[in-house]
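Q: I'm new to reading structures, and I'd like a close look at one part of this one: the salt bridges. Please walk me through them, and then show me what surrounds them.

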Amino acid sequence: MTPRAAAMAPDERRASIVAATIPLLRDKGQGISTREIARAAGIAEGTIFRVFESKDEIIHACVHQAFDTTMVRVELGAIDPRLPLRERLAAAVTVMQTHLQGVFSLMSVLHSSGQPLHRPTGADAVRRRQQGTAELDEAFVALIGDDAALLRIPVRNFIGYLRMLTLSSVHPMLDGQDSTAAELVDVLLEGALARPTTENHATSAPTRPMSSISRGKK
């Protein structure tokens with residue numbers, strides 16, 4: 001055991017063990033041993049049972065961690081607000097895709113190894129999930145900022161559509177894995193219709209194109 005591991009408080013140790021276990025679960029499923037977990041966490045095997053009663057409890061904690069969005073919100077908050085809206089949104093969608101891919105990969109491996117990963121249930125889990133969703137929405141509202149005035153729909157409706165597109169782009173049963181973050185943002189901002197040619201656009205009524213979003217306000 002490293003000096004750092006020995007000095008950890010119980011909550012820190014739990015978090016460290018969970019962080020070490022999740023990659024093992026994605027690689028091997030529930031067949032992993034506590035000895036493997038201890039080796040990955042850099043601790044003695046017996047240390048695990050000072051904070052967890054069993055391997056099943058560790059797996060349960062990993063399930064909760066997989067759905068937790070705390071680090072997602074941190075990453076969203078780290079996106080440079082000076083970037084054009086299109087680039088900010090693409091960066092945010094990439095963060096969300098990575099998070100969701102992690103959830104789905106863990107679900108798939110645990111399911112194939114005989115222990116399906118179910119979203120945590122119960123009143124407390126529902127409350128935390130609702131709070132997490134609301135906090136994610138607030139992170140997106142903050143990321144969009146004053147550019148919300150450029151949207152022709154309420155910003156929270158826009159965020160809802162973006163969430164649905166992002167989820168469908170990584171869900172293993174929806175065959176959307178070829179959709180990049182930039183493509184999703186482009187479709188939502190610009191729509192799927194072909195853009196008018198320069199000649200046609202010149203004869204149409206003057207409107208402010210959504211593409212101006214990518215260049216910032218004028």
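A: Let's start with the tally: there are 10 salt bridges, where a salt bridge means a side-chain nitrogen of Lys or Arg within 4 Å of a carboxyl oxygen of Asp or Glu. Before we zoom in, remember that this is a predicted model, where local features need pLDDT of at least 70 and side-chain atom pairs count only at pLDDT 80 or more, while totals for chains, interfaces and linings use all residues. Residues are numbered from 1 along each chain as its sequence is written, and side-chain values use heavy atoms, leaving out hydrogens and water.

Take Glu135 and Arg73, whose side chains meet in a salt bridge with 3.0 Å from N to O. Glu135 sits in helix α8 and Arg73 in helix α6, 62 residues apart, and this pair links distant parts of the chain. Helices here are DSSP runs of H or I with at least four residues, strands are runs of E with at least two, and both are numbered from the N terminus.

How covered up are these two? We call a residue buried under 20% relative accessible area, exposed over 50%, and partly exposed in between (1.4 Å probe, protein chains only). Glu135 has 28% relative accessibility, so it counts as partly exposed. Arg73 gets that label too, because its value is 23%.

Now look at Asp147 and Arg88, where the closest N and O atoms of the salt bridge are 2.4 Å apart. Asp147 lies in the loop between α8 and α9, Arg88 lies in helix α7, and the two are 59 residues apart. Both Asp147 and Arg88 are buried.

Arg163 and Asp137 form another salt bridge, with 2.1 Å between the closest N and O atoms. This one ties helix α9, home of Arg163, to helix α8, home of Asp137, across 26 residues. Its two ends get different labels: Arg163 counts as partly exposed because its relative accessibility is 38%, while Asp137, at 17%, counts as buried. There's also a little group effect, with Arg86, Asp186 and Glu190 joined into one network by salt bridges that share partners.

So what surrounds these pairs? A nonpolar core is a set of buried Ala, Val, Leu, Ile, Met, Phe, Trp, Tyr and Cys residues joined through side-chain atoms within 4.5 Å. The largest one has 24 residues, and Leu76, Leu89, Phe140, Ile144 and Phe158 touch the most other members. Helices α6 (70–77), α7 (85–112), α8 (123–144), α9 (155–170) and α10 (181–190) each supply at least two residues of this core. The biggest giver is α7, with 7 residues.

Pick Leu89 as your guide: ignoring neighbours within four places in sequence, Leu89 is in contact (heavy atoms within 4.5 Å) with Ile144, Phe158, Leu162, Val185 and Leu189. A second, separate core has 22 residues, including Ile37, Val51, Cys62 and Leu110. In soluble globular proteins, nonpolar side chains tend to be buried together.

Finally, zoom out: the chain has 11 helices and 0 strands, and 36% of its 218 residues count as buried.
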